[in-house]
Amino acid sequence: MESGRFYIFHGPDAFSQQAAVNEILAESSEDESTRELNTARFDGNKVTMSELIHACSVTPFLAERRIVIVENLLSHFEAKDRKTERQELLEFIAALPPFTTLLFLESSVLDKINPFLKLARRIAAGTSREYIVPKGASLQRWIRECIAEQGGTIEPAAVALLAQHAGESLHLLSHEVDKLLSYTSMTRAITAKDVGTLTPDSAELSIFRFIDALGTKDRDKGLELLRLKLNAGEEPLYLFAMIVRQYRFILQMKEMLEKGETVAKATSSLKLHPYAASKIAAQASKYASDRLEWIYEKLLQTDVEMKTSKINADAALEALVVDICS
């Protein structure tokens, strides 16, 4: 039997992380039910060391390998008060049971001096991979390779347009690629007209980009995205309602996660699509709670000003962007 192995997949590209996880799961067992039976998943915000060690030590049932997946645990061990737990886990994973594959999934990039990354580099049983969402030319190359792997072709103008429509969401891009390949039946190259027909810019995706810009206090980007929507004829009050809705979800997600709820549980409670929930959770992590409350109060103030005609709606939205990014 092979030795125990552990993997550290870290970075914001959750799509590629999950693709790598799926490959490992597929290799562990051909039978899906047996694979699921021998797979344990944990939220790093809630799991204890004893629970994790026990899960890794249980002999697999009717299979050669046991898979244990832990989300967002290693970043917590950077705190000084968790030194004892950190050392305990380091010693355990350095000598994993031979039948165990332990996967650490981290939504942010770990520091290069992180002791777990050092361990993964030092011993043969460890593997670490950094997953960064591609941008610009790298994103366009990703699109071309994704289509080529499935036997399709795409024109350069279509690549650029698809990247523009889908932003940096590989989940969304993969979905759109599948639609386009099906539409053309792979009998010809995908054109810019195909992309325009099948991949209209969605309101939800636009608001994600807009809130991302505000979350990083990128005032110029925020104003650019706002003006694009207004110039395209978007109704200011509708756009404002979308902004309020998004921040309400971010605030609710932040509160639930701070209470120890998992993203999956919050997704169900808030009745969100999993993709939208993952974006909202990522956005919530960028804000302190008091900052979110301040923004929400600012939104309420702007709402009153717009409805009482104290300020032009377009100007109110631009002022809102400047205030949030200050």
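Two strands pair if DSSP finds at least two bridges between them, and the legends below use pairing in that sense for a predicted model.

**View 1. The open sheet of five strands.** In this predicted model, five strands are arranged as an open sheet with parallel pairing, and their order across the sheet is β2-β3-β4-β1-β5. Because β2 (39–43) and β5 (126–130) stand at the edges with a single partner strand each, one side of each is left without a neighbour in the sheet. On average, and with direction ignored, neighbouring strands of this sheet are turned by 15° against each other.

**View 2. The pairing of β1 with β4.** Strand β4 (residues 100–106) runs parallel to β1 and is joined to it by six bridges. Within this pairing, Y7 has L103 in β4 as its bridge partner.

**View 3. The pairing of β1 with β5.** Five bridges link β1 and β5, again in the parallel sense, and F9 is found opposite R129 in β5.

**View 4. The edge strand β2 and its partner.** Strand β3 (residues 66–71) pairs with β2 over five bridges in the parallel sense, and here A40 stands opposite V68 in β3.

**View 5. Helix α5 over β1 and β5.** Helix α5 (residues 115–122) lies across β1 (5–10) and β5, and the helix runs at about 130° to β1. Strand β1 itself is mostly covered, since five of its six residues are buried, that is, they have under 20% relative accessible area.

Methods
Residues numbered from 1 in each chain as written. Predicted model: local features only at pLDDT ≥ 70, side-chain atom pairs only at ≥ 80, totals over all residues. Heavy atoms only, no water. Helix = DSSP H or I, 4+ residues; strand = E, 2+ residues; numbered from the N terminus. Axes fitted to C-alpha atoms, helices over the stretch in contact; angles between N-to-C directions. Contact = heavy atoms within 4.5 Å. Buried < 20%, exposed > 50% of the residue type's maximum accessible area, 1.4 Å probe, protein only.
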